Amino acid sequence: MRSPQATGTAPDQADRPLLAGGLLVATGLADVLSAYGLLRSGPFVVLSGDGLYPVDVTGWAWLHLAVGTVLALAGLAAVTGRRGAATVAIGCAVPALALELLMLPYAPIRVVLVAAVDAAAIRLLLRHRRATGRAG
C-alpha cells in the first residue's frame, strides 16, 4: 500500500486519470450502443402544425458510432497515465460532449446523463494536468 508521503501526491490525485478514463470508456460505450440502436430503428417522427414529418438520423448514428469508439479508446489511453494521454482524452471528450448536446431533442434523458459524465471526466483530467504540472 502506498502512502501519500512516500509518493509525494495525494491518493485521490493519483487516481484521477483512472476514474476519468473509466468514465470516458463508459460514455464511449453508451454512444456506441445508442448508435447501434439508432441504426436499427426507423426514423423519428416530428409533429408540427402542418402534419407529421419523418426525420432520419442515420448520419448522426454513424457519427455517434465513430465518436463513441474514439472516446472509449481515448479513455483507455487516459487510464495508462502516460504523458499526453490526458490531453488526447480531453481533445476527444470535448467534441463528444458537443455532439451529445446536438442530440438533445431526440434523447434528452440519455444525453443529459452522458454529457454530465463527460463533463466530470473532462474536469478530472484538467485537474490532474494542473496538479501534475504537465501540459501535454
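Which residues in α3 meet which residues in α4? Hold that thought while we get oriented.

What you have open is a predicted model, where local features need pLDDT of at least 70, side-chain atom pairs count only at pLDDT 80 or more, and totals for chains, interfaces and linings use all residues. Numbering starts from 1 along each chain as its sequence is written, and side-chain values use heavy atoms, with hydrogens and water left out.

**Whole chain.** Show the cartoon: you'll find 5 helices and 2 strands, running α-α-β-β-α-α-α from the N terminus. Helices here are DSSP runs of H or I with at least four residues, and strands are E runs of at least two, numbered from the N terminus. Of the 136 residues, 32% count as buried (under 20% relative accessible area, 1.4 Å probe, protein chains only). Switch on a surface and about 7900 Å² is exposed, 69% of it supplied by carbon and sulfur atoms (Shrake-Rupley, 1.4 Å probe).

**Select 58–80 and 85–102.** These are α3 and α4, whose axes come within 9 Å and cross at roughly 150°. Axes are lines fitted to C-alpha atoms over the stretch in contact, with angles from 0 to 180 degrees between N-to-C directions. The pair is therefore roughly antiparallel (over 145 degrees). Now for the opening question: on the α3 side, pick out Trp-60, Leu-63, His-64, Val-67, Val-70, Leu-71, Ala-74, Ala-77, Ala-78 and Thr-80; they meet Ala-85, Val-88, Ala-89, Cys-92, Ala-93, Ala-96, Leu-99, Glu-100 and Leu-102 in α4. Contact means heavy atoms within 4.5 Å. Colour this contact by class and you get 16 nonpolar, 2 polar and 1 charged residues (Ala, Val, Leu, Ile, Met, Phe, Trp, Tyr, Cys and Pro are nonpolar; Asp, Glu, Lys and Arg charged; the others, Gly among them, polar).

**Add 108–132.** This is α5, and its axis comes within 9 Å of that of α4, crossing at roughly 155°. So α4 and α5 are roughly antiparallel to each other. Among the residues making the contact are Ile-90, Val-94 and Leu-97 of α4, and Val-114, Asp-118 and Ile-122 of α5. By class, the α4–α5 contact has 14 nonpolar, 1 polar and 4 charged residues.

**Last stop: Tyr-106.** Zoom to the loop between α4 and α5, where Tyr-106 is found. Is Tyr-106 buried or exposed? Neither quite: at 31% relative accessibility, Tyr-106 counts as partly exposed (between 20% and 50%). Leaving aside residues up to four places away in sequence, Tyr-106 touches Phe-44, Val-55 and Val-57. Try a C-alpha distance to Phe-44, 62 residues apart along the chain: the separation is 8.0 Å.

Methods. Angles under 35 degrees count as roughly parallel, over 145 as roughly antiparallel, 65 to 115 as roughly perpendicular and the rest as oblique.
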